[in-house]
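Got your viewer open? Keep the selection tool handy, and we'll walk through this protein stop by stop.

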Amino acid sequence: MFIKSLGNTFCKQLHFIQTFRKTSSLAKMACTPVTEMNDSQLTDWINSFDTVMTDCDGVLWVGSEAIPGSPELINRFRELGKKVFYVTNNSTKHRREYKQKVDKLGFGGELDEIIGTAYLAASYLEDTGFDKTKKVYIVGSTGITQELDDVGIQYLPIGVEERISFDAEFNIRGVADAGLHRDDVHAVIVGFTRHYSILHIVSAIQFLRNPACTLIADSPDPTFTIRDEENIKILCPGTGSMVAAVETAAGRKPIVLGKPNRLMFDIVQKRHPSVKPERTLMIGDRADTDILLGKNCGLQTLMVGSGVHSIGKIREWEVSEDTEERRLVADKYIDKLGDLLDKIKHL
């Protein structure tokens, strides 16, 4: 009887521990709306970080328009002594173009405070000792080529795949003219292009038959938000969708550079060694890239509802049985960044 009683007691204790751990784990994933914080809590939170890393599209602006209040909030952060970095998975622009945009929209900032995936791609090749006698094939835009120019890495012309065509029997023509048989292409970089087609995939997999050729995805974003003529949100396929086709056809896994992979934060920390992860706030509108970058690097996180994901999704993830989904839960939430402005004016 004693052994049976002891066994029952042990089972009850084990069940209690498992339940406690599960409940505690879920509790730790709770997201706090900033609007529900009192002045004391808000002050403590603002004082808990010195560095801000913020996504751009869907957080600061949509298209060519700043989201109301966002420029003022970013400048208020600087007035409070915060260092602000712009971190984007958009590779269509060189950092100089982003500098022009943040200045035009009133955000301000310096060139070395802008980290885009075109810059990451060039930095990755440079830092890993890419052979500069070799070339790169680019599925993307001039944002990438300009960053490669800055580090002296050669590439095939953008649009070289357009020299290829198919005849009525679907036989391919123009391969030699497009240079698809050359063996000096040692990297394929897949970024975003509005002109993505089967010709990009054919070209990429031809180069990737060479084991010395590396497949690089500048970001994993499957979609991003655009708006129609009635200002309604529309999801558009992103780089992640494009690289997936190349990955499948080539049978090669890409090296993924953009968020949520920690290279984005590593670059910031390498150039600014005083930046501490526990005193850095990552702001984003997309949980599986922006917020997950924060989680992967030990940063504080703030989700805004002005882009891809909503507070409704956060509440679903909070109670999910999937531990990976629970990691998508940000520490804090606000509908749009500008809503924070009034709450910190007194600081």
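Which residue stands opposite V87 in β6? Select V87 and look across to the neighbouring strand: the residue you find there is I115. Before going further, keep in mind that you're looking at a predicted model.

**Stop 1: colour by confidence**

Colour the chain by pLDDT. The protein's mean is 89, and 92% of its residues reach 70 or more. Among the elements, strand β2 (residues 51-54) has the highest mean, 98, while helix α1 (residues 2-28) has the lowest, 44. Now select residues 1-7, where the pLDDT is below 50. Beyond near neighbours in sequence, this stretch makes 0 contacts in the model. Residues 9-27 are below 50 as well, and that stretch has 6 contacts beyond its near neighbours in sequence.

**Stop 2: the sheet**

Switch to a cartoon view and find the open sheet. Its 7 strands pair in parallel, and you can trace them in the order β1-β18-β17-β16-β2-β5-β6. At the edges are β1 (32-33) and β6 (114-116); each has a single partner strand, so one side of each is left without a neighbour in the sheet.

Next, select β2. On one side, β2 pairs with β5 over 4 bridges, in the parallel sense; V52 has V84 as its bridge partner there. β2 also pairs with β16, again parallel and over 4 bridges. Here you'll see M53 opposite M282. Are the side chains of β2 buried or exposed? Both faces are covered: T51 and M53 on one side, V52 and T54 on the other, are all buried.

Move along to β5 and β6. They run parallel and are joined by 3 bridges, and V87 and I115 from our opening question sit opposite each other here.

**Stop 3: helices against the sheet**

Select residues 117-127 to light up helix α5. This helix lies across β5 and β6, running at about 75° to β6. Then pick helix α11 (residues 287-297), which packs on the sheet and touches β2, β16 (280-284) and β17 (300-304). The direction of α11 makes about 165° with that of β17.

**Stop 4: T88**

Show T88 as sticks; you'll find T88 in strand β5 (residues 83-88). Its relative accessibility is 2%, so T88 counts as buried. A polar atom of the T88 side chain lies 3.0 Å from the backbone nitrogen of N90. Leaving out residues up to four places away in sequence, T88 touches several others, including D55, D57, Y98, I115, K259 and M264.

**Stop 5: L60**

Go to L60, in the loop between β2 and β3 (61-62). With a relative accessible area of 0%, L60 is buried. Setting aside neighbours within four places in sequence, its contacts include T54, D55, I74, Y86, F107 and L337. Try a distance too: L60 and G307 are 247 residues apart in sequence, yet from C-alpha to C-alpha they are 9.6 Å apart in space.

**Last stop: helix α12**

Which residues of helix α12 (residues 311-318) are buried? Select I314, W317 and E318. Now turn the view until you look down the axis of α12: these buried residues fall within an arc of 105°, so they line one face of the helix. The general rule is handy here: an α-helix has 3.6 residues a turn, so residues three or four places apart point the same way.

Conventions
Residues are numbered from 1 along each chain as its sequence is written. This is a predicted model: local features need pLDDT of at least 70, side-chain atom pairs count only at pLDDT 80 or more; totals for chains, interfaces and linings use all residues. Side-chain values use heavy atoms; hydrogens and water are left out. pLDDT is the predictor's confidence in each residue, from 0 to 100. Helices (H or I, at least four residues) and strands (E, at least two) are DSSP runs, numbered from the N terminus. Contact means heavy atoms within 4.5 Å. Buried means under 20% relative accessible area, exposed over 50%, partly exposed in between (1.4 Å probe, protein chains only). The arc is that of the directions from the helix axis to the C-beta atoms. A polar contact is a pair of N or O atoms within 3.5 Å; within protein, one must be able to donate a hydrogen and the other to accept it, and residues adjacent in sequence count only if both atoms are side-chain atoms. Two strands pair if DSSP finds at least two bridges between them. Axes are lines fitted to C-alpha atoms, for helices over the stretch in contact, and angles run from 0 to 180 degrees between N-to-C directions.
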